[in-house]
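Visitor: I'm new to this structure and would love a close look at one part of it. Could you take me slowly through how the helices pack together?

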Amino acid sequence: SWGLGLAGGIVALAGEPAAGPSLRDAMRFKLHYAQGVLEGITTENYPLVTTNALRLAQLARSTGWKARTTPEYERFTTDFLRHTEALRKAAQKGNADAAAVAYFQLTVSCVNCHRHLRGVETGRLELPPTGAGVAVAAR
């Protein structure tokens, strides 16, 4: 089954930081690890967040991750790694809010990269300036 194949790949990936799975398998691992991060954030299980953030970073550094060798793709990978590090740091501090923001940013970076790989122009999410309040309508 897919789950058994994934579990076997996780062990192999953990033992071989420079090598890695195929691109297709790497994306499956990415999804699995990202789900682990989300589970860890929602349950405030910070060791689970840390473990999966480290696995995501290791995966992004593996040979199987390299879908392209363009500067744009390298930028997406650098952004992804920065977000995994932010996740790890937030988990280390036990900060669920910071972890949730880093997870959101990680997810956006994945969506933008996948759009790029499909040749779709990506837009930028415009956020308010730091310190600006955000109005939320009460229901």
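**How the helices pack**

Guide: Let's start with one pair of helices: the axes of H2 and H3 lie 8 Å apart, and the two helices pack at an angle of about 160 degrees. Angles over 145 degrees count as roughly antiparallel, so H2 is roughly antiparallel to H3. Their crossing is left-handed. Please keep in mind as we go that this is a predicted model.

Now look at the residues that make this contact. From H2 come Ala-26, Phe-29, Lys-30, Tyr-33, Ala-34, Gly-36, Val-37, Glu-39, Gly-40 and Ile-41. H3 brings Leu-48, Val-49, Asn-52, Ala-53, Arg-55, Leu-56 and Leu-59 to the same contact.

One of these residues makes a good place to pause. Ala-34 sits in helix H2. Buried means under 20% relative accessible area, and Ala-34 counts as buried because its relative accessibility is 14%. Beyond its neighbours within four places in sequence, Ala-34 is in contact with Leu-56 and Tyr-103. Leu-56 is one of the H3 residues in the contact with H2, while Tyr-103 is among the buried residues of H5. Arg-55 is 21 residues away from Ala-34 along the chain, and the C-alpha atoms of the two are separated by 9.4 Å.

Between the two helices there is a loop to look at. Glu-44 is found in the loop between H2 and H3. Most residues other than glycine have a negative phi. Glu-44 is not a glycine, yet its phi is positive, about 55 degrees. Over 50% relative accessible area counts as exposed, so Glu-44, at 52%, is exposed.

Next, follow H3 to its other partner. H3 and H4 have axes 8 Å apart and pack at an angle of about 160 degrees. That angle makes H3 roughly antiparallel to H4, and H3 passes H4 in a left-handed crossing. On the H3 side, the meeting residues are Tyr-46, Val-49, Thr-50, Ala-53, Leu-54, Leu-56, Ala-57 and Ala-60. They meet Thr-77, Phe-80, Leu-81, Thr-84, Leu-87, Arg-88, Ala-91 and Gln-92 of H4. Leu-56 of H3 is listed in the contact with H2 and also in the contact with H4.

That brings us to H5, which covers residues 96-117. Its 22 residues should span 32 Å at 1.5 Å a residue, and the end C-alpha atoms are 31 Å apart, so the two values agree. At the start of H5, a side-chain oxygen of Asn-95 comes to within 3.1 Å of the backbone nitrogen of Asp-97. After H5 comes Gly-119, with a positive phi near 80 degrees. The buried residues of H5 are Ala-96, Ala-99, Ala-102, Tyr-103, Leu-106, Ser-109, Cys-110, Asn-112 and Cys-113. What covers them includes helix H2 (23-43), helix H3 (46-60) and helix H4 (71-93).

Finally, let's step back to the whole chain. The protein chain has five helices and zero strands, running α-α-α-α-α from the N terminus. Of its 139 residues, 32% are buried. Among contacts with a separation of 6 or more, 60% are between residues 24 or more positions apart.

Key
Residues numbered from 1 in each chain as written. Predicted model: local features only at pLDDT ≥ 70, side-chain atom pairs only at ≥ 80, totals over all residues. Heavy atoms only, no water. Helix = DSSP H or I, 4+ residues; strand = E, 2+ residues; numbered from the N terminus. Expected span 1.5 Å × (residues − 1). Buried < 20%, exposed > 50% of the residue type's maximum accessible area, 1.4 Å probe, protein only. Contact = heavy atoms within 4.5 Å. Polar contact = N/O pair within 3.5 Å; in protein donor to acceptor, adjacent residues only side chain to side chain. Axes fitted to C-alpha atoms, helices over the stretch in contact; angles between N-to-C directions. Parallel < 35°, antiparallel > 145°, perpendicular 65-115°, else oblique. Left-handed = near helix turned anticlockwise from the far one by under 90°.
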